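Please keep the sequence and the three-dimensional view side by side while reading. The paragraphs that follow move from the interior to the charged pairs.

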Amino acid sequence: VVSKLAETSPNPTVSELVRAARTRLSDTAPSVRYASLRLVCATAKLEREEDGKLFGELLSRSASEGENYRNHVLKALDNAIFSSGGSSVVERLAILASSADVPKSVFSELFGARRAMLTDARFDMLAKVIIDDHIDRLTQTDTKPESATMIGRVLQSLAELSPDAFEGHLTTLLDWLTAKPDINIGKDHRRLEACKLLKIALPNWVSRGERGEVEHFLQQLQASLLELLEVTDLPLLREAARAYVALACCGGKKRSLDLAEFLDQVEYAMTFLRGNISSSGHDLRQLSIGNQRRLGQSLWFVTTAAAELWEADRKVLSDLNITVESLRQFAAEILKILNRIGLGTSLSMRYCALPCAGFLASAFPALLQSSGGEDPAGESLLKFFSESLRVPELVPRCLEALVDLMSALQAKLDLASTAGQTGPSSQKVPATTKAMTAAAATTAVARRSAAGVDPSRPMQNPNQNQSTLTVALSTNLPSQW
């Protein structure tokens with residue numbers, strides 16, 4: 001009834017009823033919360049900034065409410081973006097991007113569902129319109145950092161589904177990389193987003209483009225990415241390293257040999273880490289500020305390199321005489337360095353190292369599991385996280401690293417499950433897994449609190465909210481992981 005009334009004309013009674021329903025979204029009774037959601041979604045639109053904030057709130061709540069709740073929110077969001085009258089699709093997406101912190105997975109689901117409803121040609125046409133608009137928005141010098149992040153998530157989702165639509169913008173992305181950084185923070189965000197987008201869209205374009213044009217572009221891109229491997233902006237350094245490995249792997253044998261220069265930098269960074277960690281012991285505060293900063297850069301660089309090389313084309317690695325076993329040993333050595341930093345006395349270095357522990361563990365899940373006490377790496381990493389949760393300054397960073405780790409493990413588990421590679425494990429869950437589940441529970445409480453949900457209230461369907469970490473680590477993972 002509310003939906004029909006809202007379609008005809010503005011109705012003060014309907015507006016008052018919906019406002020009242022929003023106050024019941026946190027009701028203690030699950031049936032009341034779900035009924036309130038249906039009422040709010042029946043009239044939800046994307047015409048003002050407040051509408052975007054509402055969807056952001058609903059998506060945050062869906063993390064603790066179960067799959068049915070989330071599906072209802074996604075259906076309402078799809079309807080508000082693609083089916084409503086009034087402003088165009090790009091304008092509605094812009095409202096959402098400017099006023100709500102929406103995960104990239106949401107855009108992937110929305111665009112994936114839309115692609116299933118349209119022909120390839122119609123979806124590519126829609127994708128091109130959205131991409132053209134969002135590239136223009138990122139080019140604007142007054143783009144806020146948070147808006148740039150959201151616009152980037154939209155573009156990444158579309159790059160995965162319709163890489164052809166980016167063909168006309170590759171030069172623009174290269175221009176963003178080569179532009180000199182200035183005091184405008186939006187410039188650095190464009191460089192960051194350019195690295196992410198090139199990593200996704202580059203392989204498709206290289207396989208289809210003219211040989212001479214492709215080779216010239218790749219040479220320019222290689223030079224730009226090598227420069228970015230020296231930046232002090234750690235997230236940008238990480239994305240540049242990821243894009244460089246993607247460049248090497250998609251450019252054929254001649255281009256893959258350029259990975260040797262990348263590996264030289266990896267070895268240099270490892271040498272720097274070994275020397276400074278050994279000389280300072282556990283007290284990294286003895287190092288100069290400059291060396292501590294360089295240590296952080298090197299740590300982010302080598303952990304990203306290990307994770308990306310592990311996911312790289314095995315044939316490309318074979319051309320460089322890199323074996324699976326050597327990569328495992330490389331990752332194990334980095335983990336030992338991380339553990340020494342994690343148990344050290346330098347708070348700033350521990351803060352810097354926490355995300356690196358997540359990068360490494362998500363690529364090499366086996367490092368989290370102990371081998372009957374012979375290799376205590378998993379227990380040491382657990383201690384690193386556990387100790388960090390006891391330090392107020394490190395708690396947000398630690399929770400962020402744990403959430404990213406669990407998300408990465410779940411994504412790999414889903415991929416393997418889709419391919420029919422995994423099944424329920426008959427083995428006993430390792431002690432490390434059980435202990436880390438406690439950290440996962442802490443993360444869940446924090447996320448529920450941030451979403452405005454009483455952490456003490458039971459989840460609506462516990463079976464749908466099983467700890468990702470428990471599932472991922474207690475399952476027989478494929479041997480190549």
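Which residues have the most contacts inside the largest nonpolar core, and how many residues does that core have? In this predicted model, the largest nonpolar core has 135 residues, and those with the most contacts inside it are Phe55, Leu58, Leu225 and Phe262. The element that gives the most to this core is helix 13, spanning residues 234-250, with 11 residues. Leu225 can serve as an entry point: once its neighbours within four places in sequence are left aside, Leu225 is in contact with Leu177, Cys195, Ala240, Ala243, Tyr244 and Leu247. In soluble globular proteins, nonpolar side chains tend to be buried together.

One of these partners, Leu177, leads on to helix 10, which covers residues 170-178 and has Leu170, Leu173, Leu174, Trp176 and Leu177 as its buried residues. Because these residues cover an arc of only 155 degrees around the axis, they lie on the same side of helix 10. The general background is that an α-helix has 3.6 residues a turn, so residues three or four places apart point the same way.

Stepping back to the whole protein, the secondary structure consists of 23 helices and zero strands. Of the 481 residues, 48% count as buried, while the protein exposes about 22700 Å², of which carbon and sulfur atoms supply 52%. Among contacts with a separation of 6 or more, 72% are accounted for by residues 24 or more positions apart.

The cysteines deserve a separate look, since a disulfide is a covalent bond between the sulfur atoms of two cysteines. The count of disulfides comes to zero. For Cys356 the reason can be followed directly: the closest cysteine sulfur, in Cys352, is 5.5 Å away, which is too far for a bond, given that a disulfide needs the sulfur atoms within 2.5 Å. Cys356 is also buried, with a relative accessible area of 0%, and Cys398 likewise counts as buried at 0% relative accessibility.

Turning to charge, side chains of opposite charge can pair when their charged atoms come close. A search of the whole structure finds 19 salt bridges. One of them joins the side chains of Arg70 and Glu109, with a distance of 2.3 Å from N to O. Arg70 lies in helix 5 (residues 67-83) and Glu109 in helix 7 (residues 104-117), so this pair ties together parts that are 39 residues apart in sequence. Arg70 counts as partly exposed at 22% relative accessibility, and Glu109 is partly exposed too, with a relative accessible area of 35%.

Another salt bridge is formed by Arg294 with Glu230, where the closest N and O atoms are 3.6 Å apart. The pair links distant parts of the chain, with Arg294 in helix 16 (residues 289-311) and Glu230 in the loop between helix 12 (211-228) and helix 13, 64 residues apart. Here Arg294 counts as partly exposed at 23% relative accessibility, and Glu230 counts as partly exposed at 42%.

A further pair consists of Glu387 and Arg390, whose closest N and O atoms are 3.4 Å apart in a salt bridge. Glu387 is partly exposed, with a relative accessible area of 30%, whereas Arg390, at 60% relative accessibility, counts as exposed. Beyond such pairs, salt bridges that share partners join Lys199, Glu239, Arg242 and Glu308 into one network.

Terms used
Residues numbered from 1 in each chain as written. Predicted model: local features only at pLDDT ≥ 70, side-chain atom pairs only at ≥ 80, totals over all residues. Heavy atoms only, no water. Buried < 20%, exposed > 50% of the residue type's maximum accessible area, 1.4 Å probe, protein only. Helix = DSSP H or I, 4+ residues; strand = E, 2+ residues; numbered from the N terminus. Arc of directions from axis to C-beta. Core = buried A, V, L, I, M, F, W, Y, C linked by side-chain atoms within 4.5 Å. Contact = heavy atoms within 4.5 Å. Areas by Shrake-Rupley, 256 points an atom, 1.4 Å probe, with all protein chains shown as cover. Salt bridge = Lys/Arg side-chain N within 4 Å of Asp/Glu carboxyl O.
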